[in-house]
Amino acid sequence: MPCEVTPRFVVLYGSQKGQAQSIAEGIAEEAAEHGLVAELSCLNQNNKYNLEKEKAPVVFVVSTTGDGEPPDNALQFVKQIKKKTLSTDHYSHLCYALLALGDTNYTDFCNCGKTIERRLQELGAKQFYATGYADDGVGLELVVDPWLQGLWQAIKGALSKMASGRQGHLKEDPRDSAKETYHSSMPDVKINLLNLNDNQNSESVRESVETDLKAAAASSSVAISGLRPVPPASQSHDIAGVSTSASETQTGNAEVPHEASLTCSLPPLSESSLNVPALPSAYLEVSLQEDTVEEVFAPLNKETLYEMPISKAVQLSRGESVKTALLLELDISAYPMMTYLPGDSFDVFCPNRLNEVEETLQRLGLQHQRNHRVQISLRKDTKKIVAQVPSYIPKNCSLLYLLTWCIEIRSVIKKAFLRALVDHTGDSMQRRRLQELCSKQGTADYNLYVRDTSLSILELLTAFPSCSPPLRLLIEHLPKLQPRSYSAASSSLKHPGKLHFVFSVVEFPACPGRPAGRQGLCTGWLFDLISPVLVFPGKIKSSGRLATPKIYVRLQPNCSFQPPSDPSVPFIMIGPGTGVAPFVGFLQQREKERQENPKAVFGETWLFFGCRHKDLDYLFREELEGFVSSGTLNHLKVCFSRDKQEEEEASATLKRPRYVQHNLLLNSEHITNILLEQNGCLYVCGDAKHMAKDVNDTLTEMMKSKLHVDQLEAMRILAGMREEKRYLQDIWG
């Protein structure tokens, strides 16, 4: 008898920080449970796949990074498929499904996924399953989980059609395909809900999706693929050694809690059967050797970094300002090869906080093995398809170094990690609660108590004292400690040998699971580092000699977020709060260029700045007003959102603008003229979640009014400006 061939499909991913890769790997690992073989490749591994000849279904999982750009490892693929020489039937043989990851806090939501999808369809490819647009702004799992649940039946349906010679009859309309393949596996979950309006309110999106998920879970009578059913709390037996009852440890007249919390749930969740994820495959062997390891207090790749002394630290905010804004000056004179332009950014490498590392060691029971060498290898029996020892952990490092410089111990705990922790939790009620938090039914609680509060592993272990995970779990589930990016706030023409940057100290408030507030990892570390040499507003720098603190940095040139190369092109800058920082560099550069080329023609410059209080938060006030006086800056428009209006401005007709978008509207005629008639450039820097969205919405309204077009056409005009690199953003969540 001939050997039966296992049906195959292809999984391709493009990932910047590992989330898309993790999802793609999960798909590949689960394939065997469905009687399938998955061939997994990164999009830049074009020697491992060939879409020009591929006949099997292809599943794409791609994220978006930067200003709507593809991840680094997908850039070449996107360039390849965008070639205009490709014919409209180039991929007519190809059938695909696509999961796009993005964040609606940023303007170009899922832009890489949308670009790939649009181009595949232009080249004749057919979609066998509705595209999922997952929003990290409200929780990727709200779209990812139901999308994955329906994927398997869709793949089998596509394979069946291919096998019966009916591939050409794959439906062109993805909505029809979704009805045929997706709805048969579970009730109506709105996969594409987040694509209906990229600018909709994130809270309403979350509530709507969660409602759909709860309804789906309540009405589905079949076990969902990839999830494991757990009985309700009223059933006290164990499954696979994991307790499933929230009440089995309650005896007699034990008091029932009156409100939910991180560690405790209420009906109906506490009484529900749960669908929990499959236990993630263990893939590492980790041991601690008593070898002597030299203590190192620097990042692993320090040979590729610059160690910079901080030559000056100034507090820019004043008095009782809500946010503490600081300016740091780095002395780069020892590195003549390190050149930068206004708009460039650079990475700061910071360690995990020492006290948190110490507490983690103690919580793991490893405080006496802190200086032991960590030995990591792959398990021979692992079922993980693409298992590998993390490249960011050096072979000969101590446990202390690993927890300080290698893994992000503050990273938000993913559901897969929660599921793994269940098996290392002794108390049955705590096990049940961890199951709830990682289950489909507990999605709302997970978002409320874990995701939204940025709960770390240390905080979770403190809240669940019977949970004692091995070190292996932290290494397998916590990501690499990433550097933090900052924008240059100076021009080397004005400050040769110096590099300025500005930041506000991030504050995380107390919450369930975090009794006391905490500062941001990097901003808090920098603040502690420079506190002894910090100069406060209006005070003279101390004459005492103090040790100069140093930090490790890496330059990240930004080829697009820079002033126009043609000085005659007018440009508009929008930067409230610390978002003004790169524009100070823009204007310092322009000032020097004007001095050196007095006969040159320079375009008009506008700056829109805003803050809470004029007397507390008006950053760079003297320098900005100096730019106006010198003619470097033609128009400075400022607003103060929390200052009370003066008596003479109290009338409705003279109502003062509160935010930068209000000042944009007041100057709509000038702004639209610069952008539409003069081919000027517009730059936005600052908060992505509110300000950047509001500015984009305002610009859309201005285009509608100016050109008498509808919303869609106005959005297309702005999209065209982005394509031309005339509408640029440097924003953060």
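**Exercise 1. The two sides of H20**

Task: In this predicted model, which residues on the other side of H20 are exposed, and which residues of H20 are buried?

Solution:
- Begin with the open side: Glu669 and Glu677 are the exposed residues there.
- Now turn to the covered side. Within H20, which spans residues 668-677, the buried residues are Ser668, Ile671, Thr672, Ile674 and Leu675.
- These buried residues lie on the same side of H20, because the arc they cover around the axis is only 160°.
- The general rule helps here: with 3.6 residues a turn in an α-helix, residues three or four places apart point the same way.
- Next, look for the cover. The elements over the buried residues of H20 include strands E22 (571-574), E23 (605-611) and E25 (681-687), along with helices H19 (660-666), H21 (688-707) and H22 (711-723).
- Finally, step past the helix end: Asn679 follows H20 and has a positive phi, near 55°.

**Exercise 2. The sheet beneath the helix**

Task: In what order do the five strands of the open sheet run, and which strands stand at the edges?

Solution:
- Reading across the sheet, the order is E24-E23-E22-E25-E26, with parallel pairing.
- E24 and E26 (727-732) are the edge strands; each has a single partner strand, so one side of each lacks a neighbour in the sheet.
- On average, and ignoring direction, neighbouring strands are turned by 10° against each other.
- H20 packs on this sheet, where it touches E22, E23 and E25, and its direction makes about 130° with that of E23.
- Now check the pairings one at a time. E23 and E24 (residues 635-640) run parallel and are joined by six bridges, with Phe609 opposite Val638 of E24.
- E22 pairs with E23 in the parallel sense over four bridges, and Phe571 has Thr605 as its bridge partner in E23.
- E22 also pairs with E25, again parallel and over four bridges; here Ile572 has Leu682 as its partner in E25.
- To see how E22 connects onward, follow the chain: E22, helix H16 (residues 581-596) and E23 make a right-handed β-α-β unit.

**Exercise 3. Inside E23**

Task: How many residues of E23 are buried, and which residues lie on each side?

Solution:
- Count first: seven of the seven residues are buried, so E23 is largely enclosed by the rest of the structure.
- Recall that side chains of a regular strand alternate between the two faces of the sheet.
- Then sort them: Thr605, Leu607, Phe609 and Cys611 are on one side, and Trp606, Phe608 and Gly610 on the other. Both faces of E23 are therefore covered.

Definitions and conventions. Residues numbered from 1 in each chain as written. Predicted model: local features only at pLDDT ≥ 70, side-chain atom pairs only at ≥ 80, totals over all residues. Heavy atoms only, no water. Buried < 20%, exposed > 50% of the residue type's maximum accessible area, 1.4 Å probe, protein only. Arc of directions from axis to C-beta. Contact = heavy atoms within 4.5 Å. Pairing = 2+ DSSP bridges. Right-handed = clockwise from strand over helix to strand, strands pointing away. Axes fitted to C-alpha atoms, helices over the stretch in contact; angles between N-to-C directions.
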